[in-house]
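Below is a short report on salt bridges, open and closed spaces, and nonpolar cores. Look at the model first.

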Amino acid sequence: MIVIFDLDGTLLNTIADLAAATNYALEKTGYPTHAPEAYPYFVGNGVRKLLERVLPEDARTPETAEIMMKNFRAYYDANMTEFTRPYPGIEELLHNLRENEISVAVASNKYQLAVERLIHHFFPSVEWAAIEGQKEGVPVKPDPSIVFEILSKCPTPKREVLYVGDSGVDMETAHRAGVTSVGVTWGFRPVYELTEHFADHIAHTPVGIFELAMEMKLNS
């Protein structure tokens, strides 16, 4: 059995560092910045989409996007762990899953280097079956390719897969992949977004994810 986790808003509260890096990119590129509390609604489809959303509509050109990405990466690569922290109970959840021989993996729309650095920084003692981020040429979630990549590395029947995330994008990803979805309520998006995208389960605490995983394991 395997539990696949989204990263931002699910394992880690990354919003302050994402906001700081994006506002840095906006300022360097000559555009207005946004209040940090606006950022939970900008994120969710990868960094390129985030940078597109924060720009004025008439500035959303490929040339501007490339400049924004360069400025974002310069800041974020140097500061990505400054304010980011695991959500309460997450580290214990990951260790409890592994102690019960349940594999864990990450599926994120954030670029691969950042995903690897964040996971190894905050969860260095966790054994991961796969750590997958956004890669050039591979479509981002809600395309299910990232889930299939994980399952190619850790072959698991779909009936024994839980996909955990905090957004409608995540719920749609799980649906497209044909696996069971769990929406968490502590992330960046409201509960109604999870239910509107047909989350199979809603978890209000990491303990709820553990209980679902153990129930699935016992019934598999």
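Arginine 48 counts as partly exposed, at 42% relative accessibility. Here buried means under 20% relative accessible area, exposed over 50%, and partly exposed in between (1.4 Å probe, protein chains only). Arginine 48 forms a salt bridge with glutamate 66. Glutamate 66 is also partly exposed, with a relative accessible area of 45%. A salt bridge is a side-chain nitrogen of Lys or Arg within 4 Å of a carboxyl oxygen of Asp or Glu.

This is a predicted model: local features need pLDDT of at least 70, side-chain atom pairs count only at pLDDT 80 or more, and totals for chains, interfaces and linings use all residues. Residues are numbered from 1 along each chain as its sequence is written, and side-chain values use heavy atoms, with hydrogens and water left out.

**Salt bridges**

By this rule the count comes to 13 salt bridges. Three are listed here.

| Acid | Base | Closest N and O atoms |
|---|---|---|
| Aspartate 6 | Lysine 141 | 3.0 Å |
| Glutamate 66 | Arginine 48 | 3.0 Å |
| Aspartate 77 | Arginine 73 | 3.2 Å |

Aspartate 6 and lysine 141 are both buried. Aspartate 6 lies in the loop between β1 (2-5) and β2 (12-13), and lysine 141 in the loop between β5 (130-134) and α6 (145-153), so the pair ties together parts 135 residues apart in sequence. Helices (H or I, at least four residues) and strands (E, at least two) are DSSP runs, numbered from the N terminus. Glutamate 66 sits in helix α3 and arginine 48 in helix α2, so their bridge links parts 18 residues apart in sequence. Aspartate 77 and arginine 73 are 4 residues apart in helix α3, separated by about one helical turn.

**Largest pocket**

Arg48 and Arg73 also help line the largest pocket, as do Asn45 and Tyr111, among others. A pocket is an open set of points on a 1 Å grid over the protein atoms alone, with protein on both sides within 12 Å along at least five of seven lines; lining residues have an atom within 4 Å of a point. α2 gives the most to this lining, with 3 residues.

**Nonpolar core**

Which residues touch the most other members of the largest nonpolar core? They are Phe5, Leu11, Phe72, Phe123 and Trp128, out of 55 residues. Such a core is a set of buried Ala, Val, Leu, Ile, Met, Phe, Trp, Tyr and Cys residues joined through side-chain atoms within 4.5 Å. Its largest share, 6 residues, comes from helix α1 (residues 15-29).

Key. On a 1 Å grid over the protein atoms alone, a cavity is a set of points where a 1.4 Å probe fits but cannot get out, and a pocket is an open set with protein on both sides within 12 Å along at least five of seven lines; lining residues have an atom within 4 Å of a point.
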